[in-house]
Every structure is written in structure tokens, then in C-alpha cells.
Amino acid sequence: MGSKNKATFAKRQKEKARQENRQRKSERREQRKQDRADKVPISPGEDPDIAGIVPGPQPDIEDEE
């Protein structure tokens with residue numbers, strides 16, 4: 001009879017872990033949605049990879065220190 005309780009306990013622990021994983025996943029999804037909503041929109045036709053880059057000569061590395 002002892003093994004039945006052990007199996008039930010293990011099953012309960014497993015289900016609890018699944019619920020916690022679902023909760024964490026849901027929180028991450030909500031955080032990503034919020035991050036996307038807060039993100040500054042890029043104007044149409046602008047490449048996001050080069051947005052904000054100023055063309056021309058770049059400052060010397062020594063000048064930045």
C-alpha cells in the first residue's frame with residue numbers, strides 16, 4: 001500500500017511542476033507582448049537593421065574614452 005501513496009505524491013508533484021511551467025511561460029508571453037507594445041515604431045520604408053546609423057566618418061576610438 002505504500003507504493004500507491006508514493007505514486008500519487010509523485011503524480012501530484014509532476015502536475016504541480018507542469019502548472020508552474022505553464023505559469024512561467026504565460027508570464028513570458030505577456031512580457032513579450034508588453035515589450036512589443038512599448039517598442040518605438042519604425043517609420044515605414046526604414047530598414048530596422050540600419051535605423052539610427054549616421055553615415056559618414058566615424059569618431060576615433062581614442063576620442064570616445
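## Glu15 and Arg22

In this predicted model, the side chains of Glu15 and Arg22 meet in a salt bridge. The N to O distance is 3.9 Å. That falls inside the 4 Å cut-off, so the pair counts as a salt bridge. Arg22 is exposed, and its relative accessible area is 51%. Exposed means over 50%, so Arg22 qualifies at 51%.

## Glu15 and Arg18

Glu15 has another partner. Arg18 also forms a salt bridge with Glu15. Here the closest N and O atoms are 3.5 Å apart. Both residues, Arg18 and Glu15, lie in helix 1, which covers residues 2–38. They sit three residues apart, about one turn of the helix.

How exposed are Arg18 and Glu15? Arg18 is partly exposed, with a relative accessible area of 41%. Glu15 is partly exposed as well, at 30%. Shared partners join Glu15, Arg18 and Arg22 into one network of salt bridges. The structure holds two salt bridges in total. In general, side chains of opposite charge can pair when their charged atoms come close.

## The positive patch

Which residues form the positive surface patch? They are Arg24, Lys25, Arg28, Arg29, Arg32, Lys33 and Arg36. Patch residues need over 30% relative accessible area and no salt bridge. Arg36, one of the patch members, is found in helix 1. Arg36 is exposed, with a relative accessible area of 57%. This value is over 30%, so Arg36 meets the accessibility condition for a patch.

Helix 1 therefore holds Arg36 of the patch together with Arg18 and Glu15 of the salt-bridge network.

## The whole protein

The protein has 65 residues. Its secondary structure comes to two helices and zero strands. What share of the residues is buried? Buried residues make up 0%. Buried means under 20% relative accessible area, and Glu15 at 30% is therefore not buried.

The protein exposes about 6800 Å². Carbon and sulfur atoms supply 52% of that area.

Methods:
Residues numbered from 1 in each chain as written. Predicted model: local features only at pLDDT ≥ 70, side-chain atom pairs only at ≥ 80, totals over all residues. Heavy atoms only, no water. Helix = DSSP H or I, 4+ residues; strand = E, 2+ residues; numbered from the N terminus. Buried < 20%, exposed > 50% of the residue type's maximum accessible area, 1.4 Å probe, protein only. Patch = residues over 30% accessible without salt bridge, like charges linked within 9 Å, V, L, I, M, F, W, Y side chains within 5 Å. Areas by Shrake-Rupley, 256 points an atom, 1.4 Å probe, with all protein chains shown as cover. Lys, Arg positive; Asp, Glu negative; His and termini not counted. Charge placed at Lys NZ, Arg CZ, Asp CG, Glu CD.
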